[in-house]
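Trainee: I'd like to practise reading a fold from the whole chain down to single residues. Could you walk me through one?

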Amino acid sequence: MGKQQIVSRMLIGGQLVESDSGQWLDAIDPSTEELIGRFPSGSQADVARAVEAAESAQPAWGALDPVSRGKLLRKVASALRERSEEALHTEVRDTGNTITKMKGDVESAAYAMEFFAGLGTEIKGETVPASVDNLHLTLREPYGVVGRIVPFNHPIKFAAHALAAPLMAGNTVVVKPPEQSSLSAGILAEICRDLLPPGTVNIVTGNGMPAGDAIVRHPSIKRIAFTGSVPTGLRIQRAAAETGIKHITLELGGKNPLIAYPDQDPEKIADIAVSAMNFAWQGQSCGSTSRLLLHESLYDKVLEGVVERVAALRLGDPMDPASQMGPLNSKAHYDRVCAMVQAGHDDGARLMIGGKRPPGAAFKKGFWLQPTVFADVDRSMRIAREEIFGPVLSVFKWRDEKEALELANATEYGLTASIWTNDIKAALRAARAVRAGYVWINGASAHHYGMPFGGMKSSGLGREEGIDELLSYTETKSIHIKLT
Ligand code: NAD
(Lines give C-alpha, C1' and ligand atoms only; values in the text may rest on other atoms or scores of the structure.)
Protein backbone atom coordinates (compact mmCIF):
# COMPACT_ATOMS: atom_id res chain seq x y z
CA MET A 1 0.00 0.00 0.00
CA GLY A 2 3.05 2.27 0.35
CA LYS A 3 2.78 5.52 2.21
CA GLN A 4 -0.13 7.13 0.40
CA GLN A 5 -2.66 8.83 2.62
CA ILE A 6 -6.06 7.30 3.15
CA VAL A 7 -9.22 9.38 3.11
CA SER A 8 -12.03 7.48 4.76
CA ARG A 9 -15.70 8.46 4.76
CA MET A 10 -18.73 7.80 6.90
CA LEU A 11 -21.69 5.66 5.84
CA ILE A 12 -25.06 7.32 6.22
CA GLY A 13 -28.22 6.16 4.47
CA GLY A 14 -26.24 4.01 2.04
CA GLN A 15 -23.94 6.86 0.95
CA LEU A 16 -20.28 7.44 1.73
CA VAL A 17 -20.28 10.97 3.05
CA GLU A 18 -18.22 13.67 4.69
CA SER A 19 -19.36 15.48 7.79
CA ASP A 20 -22.00 18.21 7.50
CA SER A 21 -19.62 20.32 9.53
CA GLY A 22 -16.88 20.03 6.88
CA GLN A 23 -14.47 19.08 9.70
CA TRP A 24 -11.90 16.28 9.45
CA LEU A 25 -9.68 14.49 11.95
CA ASP A 26 -6.11 13.41 11.26
CA ALA A 27 -5.01 9.79 11.36
CA ILE A 28 -1.52 9.48 12.78
CA ASP A 29 0.82 6.49 12.49
CA PRO A 30 1.78 6.01 16.15
CA SER A 31 5.11 4.41 15.24
CA THR A 32 6.37 7.50 13.35
CA GLU A 33 3.88 10.29 14.16
CA GLU A 34 3.38 10.72 10.40
CA LEU A 35 0.04 11.80 9.02
CA ILE A 36 -1.40 8.78 7.22
CA GLY A 37 -4.89 9.91 6.41
CA ARG A 38 -8.01 11.66 7.55
CA PHE A 39 -11.60 10.90 8.33
CA PRO A 40 -14.72 12.99 8.96
CA SER A 41 -15.24 14.54 12.38
CA GLY A 42 -18.87 13.53 12.81
CA SER A 43 -21.22 16.09 14.34
CA GLN A 44 -24.53 15.97 16.15
CA ALA A 45 -26.22 16.72 12.80
CA ASP A 46 -24.42 13.75 11.19
CA VAL A 47 -25.64 11.48 13.98
CA ALA A 48 -29.18 12.82 13.52
CA ARG A 49 -28.99 12.01 9.78
CA ALA A 50 -27.64 8.55 10.55
CA VAL A 51 -30.39 7.79 13.05
CA GLU A 52 -33.03 9.04 10.63
CA ALA A 53 -31.66 6.72 7.93
CA ALA A 54 -31.54 3.82 10.38
CA GLU A 55 -35.14 4.48 11.46
CA SER A 56 -36.35 4.50 7.87
CA ALA A 57 -34.53 1.27 7.07
CA GLN A 58 -35.55 -0.66 10.18
CA PRO A 59 -39.12 -1.76 9.35
CA ALA A 60 -38.05 -3.50 6.13
CA TRP A 61 -34.92 -4.97 7.73
CA GLY A 62 -36.88 -6.20 10.76
CA ALA A 63 -39.50 -7.74 8.45
CA LEU A 64 -36.92 -9.91 6.69
CA ASP A 65 -36.92 -13.44 8.03
CA PRO A 66 -33.83 -14.30 10.12
CA VAL A 67 -32.51 -16.69 7.49
CA SER A 68 -32.41 -13.87 4.92
CA ARG A 69 -30.74 -11.51 7.40
CA GLY A 70 -28.24 -14.26 8.18
CA LYS A 71 -27.44 -14.70 4.48
CA LEU A 72 -26.65 -11.01 4.16
CA LEU A 73 -24.44 -11.08 7.25
CA ARG A 74 -22.53 -14.02 5.81
CA LYS A 75 -21.94 -11.98 2.66
CA VAL A 76 -20.53 -9.16 4.78
CA ALA A 77 -18.26 -11.71 6.51
CA SER A 78 -16.99 -12.99 3.14
CA ALA A 79 -16.37 -9.46 1.88
CA LEU A 80 -14.38 -8.69 5.03
CA ARG A 81 -12.22 -11.74 4.39
CA GLU A 82 -11.70 -10.70 0.77
CA ARG A 83 -10.41 -7.33 1.92
CA SER A 84 -8.56 -8.64 4.96
CA GLU A 85 -5.05 -7.78 3.68
CA GLU A 86 -6.05 -4.20 2.99
CA ALA A 87 -7.83 -3.95 6.33
CA LEU A 88 -4.83 -5.47 8.10
CA HIS A 89 -2.35 -3.03 6.58
CA THR A 90 -4.57 -0.03 7.28
CA GLU A 91 -5.18 -1.17 10.82
CA VAL A 92 -1.52 -1.88 11.65
CA ARG A 93 -0.41 1.55 10.48
CA ASP A 94 -3.29 3.25 12.23
CA THR A 95 -3.09 1.41 15.57
CA GLY A 96 0.59 0.43 15.95
CA ASN A 97 -0.44 -3.13 16.82
CA THR A 98 1.92 -5.71 15.32
CA ILE A 99 1.01 -7.29 12.00
CA THR A 100 1.51 -10.93 12.90
CA LYS A 101 -0.97 -10.86 15.75
CA MET A 102 -3.43 -8.49 14.07
CA LYS A 103 -3.94 -11.02 11.27
CA GLY A 104 -6.56 -12.65 13.45
CA ASP A 105 -8.71 -9.54 13.86
CA VAL A 106 -10.58 -9.49 10.55
CA GLU A 107 -11.08 -13.24 10.74
CA SER A 108 -12.49 -12.84 14.22
CA ALA A 109 -14.91 -10.13 13.01
CA ALA A 110 -16.03 -12.32 10.10
CA TYR A 111 -16.46 -15.25 12.46
CA ALA A 112 -18.65 -13.15 14.79
CA MET A 113 -20.91 -12.30 11.85
CA GLU A 114 -21.24 -15.95 10.89
CA PHE A 115 -21.76 -17.04 14.48
CA PHE A 116 -24.71 -14.69 14.94
CA ALA A 117 -25.98 -15.36 11.41
CA GLY A 118 -26.41 -18.98 12.47
CA LEU A 119 -28.41 -18.11 15.58
CA GLY A 120 -31.33 -16.45 13.79
CA THR A 121 -33.96 -18.98 14.74
CA GLU A 122 -32.91 -18.80 18.38
CA ILE A 123 -34.61 -15.40 18.60
CA LYS A 124 -37.60 -17.27 19.86
CA GLY A 125 -40.27 -16.74 22.46
CA GLU A 126 -41.94 -19.16 24.85
CA THR A 127 -45.32 -20.52 25.70
CA VAL A 128 -46.10 -20.19 29.39
CA PRO A 129 -48.82 -22.12 31.28
CA ALA A 130 -49.87 -19.00 33.20
CA SER A 131 -53.60 -19.81 33.13
CA VAL A 132 -55.82 -22.58 31.78
CA ASP A 133 -58.20 -20.47 29.72
CA ASN A 134 -55.53 -18.59 27.76
CA LEU A 135 -52.65 -19.47 25.54
CA HIS A 136 -49.76 -17.31 26.79
CA LEU A 137 -46.84 -16.68 24.52
CA THR A 138 -43.93 -14.31 24.19
CA LEU A 139 -42.40 -12.74 21.13
CA ARG A 140 -38.96 -11.17 20.88
CA GLU A 141 -38.94 -7.94 18.93
CA PRO A 142 -36.07 -5.66 17.89
CA TYR A 143 -35.62 -2.33 19.68
CA GLY A 144 -35.40 -0.38 16.43
CA VAL A 145 -32.16 1.58 16.12
CA VAL A 146 -29.17 0.42 18.17
CA GLY A 147 -26.21 2.68 18.94
CA ARG A 148 -22.78 1.12 19.36
CA ILE A 149 -19.53 2.84 20.34
CA VAL A 150 -16.16 1.06 20.20
CA PRO A 151 -12.57 1.62 21.45
CA PHE A 152 -9.21 1.91 19.72
CA ASN A 153 -7.44 -1.36 20.45
CA HIS A 154 -9.14 -3.53 17.79
CA PRO A 155 -11.08 -1.05 15.66
CA ILE A 156 -12.36 -3.11 12.71
CA LYS A 157 -12.85 -6.24 14.76
CA PHE A 158 -14.98 -4.40 17.32
CA ALA A 159 -16.85 -2.27 14.76
CA ALA A 160 -17.78 -5.31 12.67
CA HIS A 161 -18.63 -7.40 15.71
CA ALA A 162 -20.79 -4.52 16.93
CA LEU A 163 -23.09 -4.97 13.94
CA ALA A 164 -23.65 -8.70 14.06
CA ALA A 165 -26.00 -9.36 16.98
CA PRO A 166 -28.17 -6.22 16.69
CA LEU A 167 -28.62 -6.74 12.94
CA MET A 168 -29.49 -10.40 13.35
CA ALA A 169 -32.12 -9.44 15.92
CA GLY A 170 -33.75 -7.14 13.34
CA ASN A 171 -32.37 -3.79 14.47
CA THR A 172 -30.58 -1.26 12.33
CA VAL A 173 -27.37 0.22 13.70
CA VAL A 174 -25.41 3.44 14.10
CA VAL A 175 -21.83 2.67 15.09
CA LYS A 176 -19.04 5.04 16.09
CA PRO A 177 -15.44 3.87 15.63
CA PRO A 178 -12.62 5.21 17.84
CA GLU A 179 -11.23 8.62 16.90
CA GLN A 180 -7.63 7.44 17.35
CA SER A 181 -7.91 4.70 14.70
CA SER A 182 -10.83 5.15 12.33
CA LEU A 183 -9.36 4.46 8.89
CA SER A 184 -10.39 0.81 8.72
CA ALA A 185 -14.00 1.90 9.32
CA GLY A 186 -13.92 3.22 5.75
CA ILE A 187 -13.45 -0.34 4.48
CA LEU A 188 -16.34 -1.60 6.58
CA ALA A 189 -18.43 1.31 5.31
CA GLU A 190 -17.80 0.36 1.67
CA ILE A 191 -18.66 -3.29 2.33
CA CYS A 192 -21.90 -2.44 4.11
CA ARG A 193 -22.86 0.08 1.42
CA ASP A 194 -22.40 -2.58 -1.27
CA LEU A 195 -24.16 -5.46 0.49
CA LEU A 196 -26.85 -4.17 2.84
CA PRO A 197 -30.01 -2.14 2.23
CA PRO A 198 -29.29 1.61 2.64
CA GLY A 199 -29.57 2.80 6.25
CA THR A 200 -29.25 -0.69 7.77
CA VAL A 201 -25.72 0.11 8.95
CA ASN A 202 -24.56 3.66 9.48
CA ILE A 203 -21.01 4.50 10.52
CA VAL A 204 -20.31 7.90 12.04
CA THR A 205 -16.65 8.63 12.76
CA GLY A 206 -15.51 11.39 15.11
CA ASN A 207 -14.81 12.26 18.70
CA GLY A 208 -16.66 10.95 21.72
CA MET A 209 -17.87 14.49 22.17
CA PRO A 210 -19.94 15.33 20.12
CA ALA A 211 -20.47 12.19 17.98
CA GLY A 212 -20.56 9.45 20.64
CA ASP A 213 -22.54 11.59 23.03
CA ALA A 214 -25.09 12.44 20.32
CA ILE A 215 -25.69 8.72 19.73
CA VAL A 216 -26.23 8.12 23.45
CA ARG A 217 -28.58 11.09 23.80
CA HIS A 218 -30.61 10.56 20.64
CA PRO A 219 -34.26 10.06 21.63
CA SER A 220 -34.80 7.37 18.95
CA ILE A 221 -31.98 5.19 20.30
CA LYS A 222 -33.18 3.16 23.24
CA ARG A 223 -30.56 0.43 23.04
CA ILE A 224 -26.87 1.32 23.40
CA ALA A 225 -23.80 -0.89 23.70
CA PHE A 226 -20.47 0.61 24.62
CA THR A 227 -16.99 -0.89 24.78
CA GLY A 228 -14.39 1.36 26.38
CA SER A 229 -13.16 2.77 29.67
CA VAL A 230 -14.96 2.98 33.00
CA PRO A 231 -14.97 6.83 33.10
CA THR A 232 -16.61 6.98 29.66
CA GLY A 233 -19.03 4.23 30.69
CA LEU A 234 -20.09 6.36 33.65
CA ARG A 235 -20.53 9.40 31.37
CA ILE A 236 -22.67 7.32 29.04
CA GLN A 237 -24.87 6.07 31.86
CA ARG A 238 -25.39 9.66 33.01
CA ALA A 239 -26.11 10.99 29.50
CA ALA A 240 -28.51 8.13 28.80
CA ALA A 241 -30.35 8.69 32.07
CA GLU A 242 -30.71 12.39 31.30
CA THR A 243 -32.30 11.75 27.95
CA GLY A 244 -34.47 8.66 28.11
CA ILE A 245 -35.15 5.19 29.43
CA LYS A 246 -32.37 3.22 27.79
CA HIS A 247 -30.97 -0.27 27.91
CA ILE A 248 -27.17 -0.14 28.03
CA THR A 249 -24.50 -2.81 27.74
CA LEU A 250 -21.08 -1.79 29.04
CA GLU A 251 -17.90 -3.73 28.23
CA LEU A 252 -15.33 -1.82 30.26
CA GLY A 253 -11.79 -2.07 31.58
CA GLY A 254 -9.95 -4.80 33.41
CA LYS A 255 -7.15 -5.21 35.91
CA ASN A 256 -7.09 -8.95 35.59
CA PRO A 257 -5.27 -11.30 37.96
CA LEU A 258 -3.23 -14.32 36.92
CA ILE A 259 -2.96 -16.45 40.06
CA ALA A 260 -0.16 -19.04 40.12
CA TYR A 261 -0.30 -21.77 42.80
CA PRO A 262 2.82 -23.45 44.22
CA ASP A 263 2.37 -26.67 42.21
CA GLN A 264 3.14 -24.84 38.95
CA ASP A 265 6.27 -24.98 36.81
CA PRO A 266 7.88 -21.51 37.02
CA GLU A 267 8.99 -21.63 33.37
CA LYS A 268 5.45 -22.34 32.17
CA ILE A 269 4.04 -19.54 34.32
CA ALA A 270 6.67 -17.12 33.02
CA ASP A 271 5.65 -18.05 29.45
CA ILE A 272 1.96 -17.54 30.06
CA ALA A 273 2.45 -14.37 32.12
CA VAL A 274 4.22 -12.74 29.18
CA SER A 275 1.90 -14.01 26.46
CA ALA A 276 -1.26 -13.10 28.38
CA MET A 277 -0.05 -9.50 28.75
CA ASN A 278 -0.64 -9.08 24.99
CA PHE A 279 2.59 -7.17 24.39
CA ALA A 280 1.90 -7.62 20.65
CA TRP A 281 -0.61 -4.81 21.06
CA GLN A 282 1.30 -3.13 23.85
CA GLY A 283 -0.85 -4.55 26.63
CA GLN A 284 -3.77 -2.54 25.23
CA SER A 285 -6.32 -5.22 25.86
CA CYS A 286 -9.16 -5.30 28.35
CA GLY A 287 -8.30 -8.95 28.98
CA SER A 288 -4.56 -8.58 29.63
CA THR A 289 -3.60 -10.25 32.90
CA SER A 290 -1.78 -7.17 34.14
CA ARG A 291 -1.55 -8.40 37.74
CA LEU A 292 0.65 -11.47 38.23
CA LEU A 293 -0.07 -13.03 41.63
CA LEU A 294 2.69 -15.51 42.49
CA HIS A 295 2.92 -17.88 45.41
CA GLU A 296 6.06 -17.05 47.40
CA SER A 297 7.64 -20.40 46.48
CA LEU A 298 7.53 -19.43 42.77
CA TYR A 299 8.12 -15.73 43.09
CA ASP A 300 11.85 -15.33 42.40
CA LYS A 301 12.04 -17.96 39.66
CA VAL A 302 8.98 -16.74 37.75
CA LEU A 303 10.07 -13.13 38.07
CA GLU A 304 13.47 -14.00 36.67
CA GLY A 305 11.83 -15.89 33.78
CA VAL A 306 9.42 -13.04 33.05
CA VAL A 307 12.22 -10.48 32.96
CA GLU A 308 14.27 -12.70 30.62
CA ARG A 309 11.35 -13.10 28.24
CA VAL A 310 10.39 -9.42 28.33
CA ALA A 311 14.03 -8.45 27.66
CA ALA A 312 13.94 -10.64 24.55
CA LEU A 313 10.80 -9.00 23.10
CA ARG A 314 11.61 -7.36 19.82
CA LEU A 315 10.22 -3.85 19.49
CA GLY A 316 10.02 -2.46 15.98
CA ASP A 317 8.00 -1.36 12.97
CA PRO A 318 4.57 -2.93 13.51
CA MET A 319 4.43 -3.77 9.78
CA ASP A 320 7.51 -6.00 10.14
CA PRO A 321 6.42 -9.61 10.84
CA ALA A 322 9.45 -9.99 13.13
CA SER A 323 8.24 -7.24 15.51
CA GLN A 324 6.73 -8.46 18.74
CA MET A 325 5.67 -5.10 20.10
CA GLY A 326 4.81 -1.72 18.61
CA PRO A 327 4.11 1.77 19.94
CA LEU A 328 1.22 2.90 22.11
CA ASN A 329 -1.80 4.00 20.13
CA SER A 330 -1.74 7.78 20.59
CA LYS A 331 0.17 10.61 22.26
CA ALA A 332 -2.56 11.13 24.87
CA HIS A 333 -2.53 7.44 25.74
CA TYR A 334 1.28 7.32 25.80
CA ASP A 335 1.30 10.20 28.30
CA ARG A 336 -1.26 8.41 30.48
CA VAL A 337 0.72 5.16 30.51
CA CYS A 338 4.00 6.99 31.26
CA ALA A 339 2.27 8.74 34.19
CA MET A 340 1.32 5.31 35.56
CA VAL A 341 4.92 4.12 35.24
CA GLN A 342 5.93 7.18 37.25
CA ALA A 343 3.25 6.30 39.82
CA GLY A 344 4.86 2.85 40.13
CA HIS A 345 8.20 4.51 40.95
CA ASP A 346 6.61 7.02 43.32
CA ASP A 347 4.72 4.34 45.24
CA GLY A 348 7.89 2.30 45.77
CA ALA A 349 7.38 -0.66 43.43
CA ARG A 350 10.62 -2.34 42.26
CA LEU A 351 11.25 -1.74 38.56
CA MET A 352 12.63 -4.96 37.08
CA ILE A 353 12.84 -3.91 33.44
CA GLY A 354 11.62 -1.25 31.02
CA GLY A 355 9.84 1.94 31.97
CA LYS A 356 11.52 4.15 29.37
CA ARG A 357 11.46 5.06 25.70
CA PRO A 358 13.58 2.42 23.94
CA PRO A 359 17.02 3.64 22.87
CA GLY A 360 17.96 4.11 19.21
CA ALA A 361 17.10 6.30 16.26
CA ALA A 362 14.14 4.11 15.23
CA PHE A 363 12.30 5.04 18.43
CA LYS A 364 12.98 8.78 18.58
CA LYS A 365 9.60 9.56 17.07
CA GLY A 366 6.41 7.73 17.87
CA PHE A 367 4.77 6.64 21.10
CA TRP A 368 7.27 4.00 22.13
CA LEU A 369 7.60 2.60 25.61
CA GLN A 370 9.65 -0.41 26.65
CA PRO A 371 7.72 -3.36 28.05
CA THR A 372 7.77 -2.81 31.78
CA VAL A 373 7.68 -5.08 34.83
CA PHE A 374 7.27 -3.90 38.41
CA ALA A 375 7.83 -6.34 41.28
CA ASP A 376 6.94 -6.15 44.99
CA VAL A 377 3.70 -4.41 44.16
CA ASP A 378 1.23 -4.11 47.01
CA ARG A 379 -2.46 -3.46 46.81
CA SER A 380 -2.26 0.15 48.00
CA MET A 381 -0.28 1.25 44.93
CA ARG A 382 -1.92 2.89 41.94
CA ILE A 383 -0.34 0.33 39.60
CA ALA A 384 -2.10 -2.35 41.66
CA ARG A 385 -5.52 -0.80 41.43
CA GLU A 386 -5.88 1.23 38.24
CA GLU A 387 -6.11 -0.08 34.71
CA ILE A 388 -3.00 1.04 32.78
CA PHE A 389 -3.99 -0.42 29.40
CA GLY A 390 -0.34 -0.46 28.41
CA PRO A 391 2.72 -2.75 28.48
CA VAL A 392 3.11 -2.66 32.25
CA LEU A 393 2.95 -5.82 34.36
CA SER A 394 2.57 -5.61 38.16
CA VAL A 395 3.86 -8.60 40.15
CA PHE A 396 2.62 -9.52 43.62
CA LYS A 397 3.68 -12.16 46.16
CA TRP A 398 1.20 -14.22 48.20
CA ARG A 399 1.65 -16.72 51.01
CA ASP A 400 -1.71 -18.45 51.45
CA GLU A 401 -4.78 -18.89 49.29
CA LYS A 402 -6.88 -16.51 51.32
CA GLU A 403 -4.39 -13.74 50.67
CA ALA A 404 -4.26 -14.61 46.94
CA LEU A 405 -8.02 -14.43 46.56
CA GLU A 406 -8.26 -11.19 48.54
CA LEU A 407 -5.58 -9.72 46.31
CA ALA A 408 -7.37 -10.95 43.19
CA ASN A 409 -10.51 -9.13 44.27
CA ALA A 410 -8.78 -5.98 45.56
CA THR A 411 -9.68 -3.73 42.61
CA GLU A 412 -12.86 -2.14 41.35
CA TYR A 413 -12.57 -4.26 38.19
CA GLY A 414 -13.88 -7.77 37.59
CA LEU A 415 -13.45 -8.68 33.94
CA THR A 416 -11.29 -11.83 33.70
CA ALA A 417 -9.13 -14.04 35.91
CA SER A 418 -6.63 -16.77 35.07
CA ILE A 419 -6.00 -19.48 37.67
CA TRP A 420 -3.06 -21.88 37.43
CA THR A 421 -3.03 -25.06 39.50
CA ASN A 422 -3.50 -28.79 39.02
CA ASP A 423 -5.31 -29.06 42.34
CA ILE A 424 -8.89 -29.24 41.06
CA LYS A 425 -10.40 -28.30 44.40
CA ALA A 426 -8.18 -25.25 44.78
CA ALA A 427 -8.89 -24.25 41.18
CA LEU A 428 -12.64 -24.43 41.66
CA ARG A 429 -12.47 -22.65 45.03
CA ALA A 430 -10.59 -19.84 43.34
CA ALA A 431 -12.87 -19.75 40.29
CA ARG A 432 -15.88 -19.34 42.57
CA ALA A 433 -14.21 -16.78 44.80
CA VAL A 434 -12.95 -14.38 42.15
CA ARG A 435 -15.39 -11.63 41.24
CA ALA A 436 -14.75 -11.76 37.50
CA GLY A 437 -17.08 -12.50 34.60
CA TYR A 438 -14.70 -14.72 32.58
CA VAL A 439 -12.41 -17.20 34.30
CA TRP A 440 -9.83 -19.58 32.88
CA ILE A 441 -8.40 -22.50 34.83
CA ASN A 442 -4.99 -23.36 33.40
CA GLY A 443 -5.64 -21.03 30.49
CA ALA A 444 -5.73 -17.34 29.63
CA SER A 445 -6.69 -14.87 26.92
CA ALA A 446 -8.77 -17.14 24.68
CA HIS A 447 -12.34 -16.14 23.88
CA HIS A 448 -14.76 -18.95 23.08
CA TYR A 449 -17.83 -17.86 21.14
CA GLY A 450 -20.96 -19.18 22.72
CA MET A 451 -19.58 -18.47 26.20
CA PRO A 452 -20.88 -15.19 27.62
CA PHE A 453 -18.12 -12.57 27.94
CA GLY A 454 -18.40 -9.53 30.20
CA GLY A 455 -17.39 -7.98 33.46
CA MET A 456 -18.52 -7.90 37.08
CA LYS A 457 -18.13 -4.88 39.38
CA SER A 458 -17.04 -1.78 37.43
CA SER A 459 -15.92 -3.86 34.44
CA GLY A 460 -19.34 -3.83 32.92
CA LEU A 461 -22.96 -4.66 32.49
CA GLY A 462 -24.31 -7.42 30.26
CA ARG A 463 -22.69 -10.27 28.37
CA GLU A 464 -21.54 -10.59 24.78
CA GLU A 465 -20.29 -13.23 22.33
CA GLY A 466 -23.15 -15.67 22.86
CA ILE A 467 -26.90 -16.08 22.82
CA ASP A 468 -27.21 -13.54 25.69
CA GLU A 469 -25.84 -10.85 23.39
CA LEU A 470 -28.25 -11.70 20.59
CA LEU A 471 -31.29 -11.75 22.86
CA SER A 472 -30.21 -8.52 24.55
CA TYR A 473 -31.05 -6.74 21.29
CA THR A 474 -34.68 -7.78 21.60
CA GLU A 475 -37.59 -6.72 23.80
CA THR A 476 -40.09 -9.26 25.03
CA LYS A 477 -43.76 -8.90 24.28
CA SER A 478 -46.31 -11.05 26.12
CA ILE A 479 -49.48 -12.07 24.25
CA HIS A 480 -52.51 -13.70 25.90
CA ILE A 481 -54.99 -15.48 23.69
CA LYS A 482 -58.35 -16.21 25.31
CA LEU A 483 -59.37 -19.77 24.49
CA THR A 484 -62.78 -19.93 26.18
P1 NAD B 1 -12.66 5.38 25.81
O2 NAD B 1 -13.68 5.13 26.85
O3 NAD B 1 -11.79 6.56 25.93
O4 NAD B 1 -13.35 5.52 24.36
C5 NAD B 1 -14.11 4.48 23.80
C6 NAD B 1 -15.08 5.07 22.78
O7 NAD B 1 -15.99 5.93 23.46
C8 NAD B 1 -14.43 5.90 21.69
O9 NAD B 1 -15.06 5.62 20.46
C10 NAD B 1 -14.74 7.33 22.13
O11 NAD B 1 -14.80 8.25 21.08
C12 NAD B 1 -16.09 7.16 22.77
N13 NAD B 1 -16.46 8.22 23.73
C14 NAD B 1 -15.63 8.98 24.47
N15 NAD B 1 -16.34 9.83 25.24
C16 NAD B 1 -17.65 9.60 24.98
C17 NAD B 1 -18.86 10.15 25.47
N18 NAD B 1 -18.88 11.10 26.38
N19 NAD B 1 -20.02 9.66 24.99
C20 NAD B 1 -20.02 8.66 24.06
N21 NAD B 1 -18.91 8.11 23.55
C22 NAD B 1 -17.73 8.56 24.01
O23 NAD B 1 -11.82 4.04 25.71
P24 NAD B 1 -10.51 3.77 24.84
O25 NAD B 1 -9.38 4.49 25.46
O26 NAD B 1 -10.82 3.94 23.40
O27 NAD B 1 -10.35 2.19 25.05
C28 NAD B 1 -9.72 1.63 26.13
C29 NAD B 1 -10.69 1.10 27.14
O30 NAD B 1 -11.59 0.17 26.54
C31 NAD B 1 -9.98 0.33 28.24
O32 NAD B 1 -10.53 0.68 29.48
C33 NAD B 1 -10.30 -1.12 27.90
O34 NAD B 1 -10.20 -2.00 28.98
C35 NAD B 1 -11.68 -1.00 27.36
N36 NAD B 1 -12.03 -2.18 26.57
C37 NAD B 1 -12.94 -3.07 27.08
C38 NAD B 1 -13.26 -4.22 26.36
C39 NAD B 1 -14.24 -5.23 26.91
O40 NAD B 1 -14.70 -6.07 26.15
N41 NAD B 1 -14.59 -5.20 28.19
C42 NAD B 1 -12.66 -4.46 25.13
C43 NAD B 1 -11.73 -3.54 24.65
C44 NAD B 1 -11.43 -2.39 25.38
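Mentor: Sure. Keep in mind that this is a predicted model. Let's begin with burial: of the 484 residues in the protein, 56% are buried.

Trainee: What radius of gyration does the protein have, and what would a compact globule have?

Mentor: The idea is to set the value against what the chain length leads you to expect. A compact globule of 484 residues would come out near 23 Å, and the protein has 23 Å, so the two agree. Along the principal axes, the C-alpha atoms fill a box of roughly 75 × 65 × 40 Å.

Trainee: And how much of the accessible surface belongs to carbon and sulfur atoms?

Mentor: Those atoms account for 53% of about 19,300 Å².

Trainee: How many helices and strands should I be looking for?

Mentor: You'll find 15 helices and 23 strands. For contacts, look at sequence separation: take the ones between residues at least 6 apart, and 74% of them join residues at least 24 apart.

Trainee: Let's pick a strand. Is S12 mostly covered or mostly open?

Mentor: Count its buried residues. S12 covers residues 247-251, and 4 of its 5 residues are buried, so to speak mostly covered.

Trainee: Which strands does S12 pair with, and in which direction do they run?

Mentor: Check each partner in turn. Strand S11 (residues 221-227) runs parallel to S12, joined by 5 bridges. In that pair, Phe226 stands opposite Leu250. To get from S11 to S12 the chain passes through helix H8 (residues 230-243), and this β-α-β crossover is right-handed. Strand S22 (residues 460-461) runs antiparallel to S12, with 2 bridges between them. There, Glu251 of S12 stands opposite Gly460.

Trainee: Now a helix. How far apart are the end C-alpha atoms of H11, and what span should its residues give?

Mentor: Work from the rise per residue. At 1.5 Å a residue, the 16 residues of H11 (331-346) should span 22 Å, and the end C-alpha atoms are 22 Å apart, which agrees.

Trainee: Which residues of H11 are buried?

Mentor: First, the general idea: an α-helix has 3.6 residues a turn, so residues three or four places apart point the same way. In H11, the buried ones are His333, Tyr334, Val337, Met340, Val341, Ala343 and Gly344.

Trainee: What covers them?

Mentor: The cover includes strand S16 (372-375), helix H12 (382-385) and strand S17 (392-398).

Trainee: And what phi does Gly348 take, just after H11?

Mentor: Look at the sign: Gly348 has a positive phi, about 90°.

Key
Residues numbered from 1 in each chain as written. Predicted model: local features only at pLDDT ≥ 70, side-chain atom pairs only at ≥ 80, totals over all residues. Heavy atoms only, no water. Helix = DSSP H or I, 4+ residues; strand = E, 2+ residues; numbered from the N terminus. Expected span 1.5 Å × (residues − 1). Buried < 20%, exposed > 50% of the residue type's maximum accessible area, 1.4 Å probe, protein only. Contact = heavy atoms within 4.5 Å. Pairing = 2+ DSSP bridges. Right-handed = clockwise from strand over helix to strand, strands pointing away. Rg over C-alpha atoms; globule rule 2.2 N^0.38 Å. Areas by Shrake-Rupley, 256 points an atom, 1.4 Å probe, with all protein chains shown as cover.
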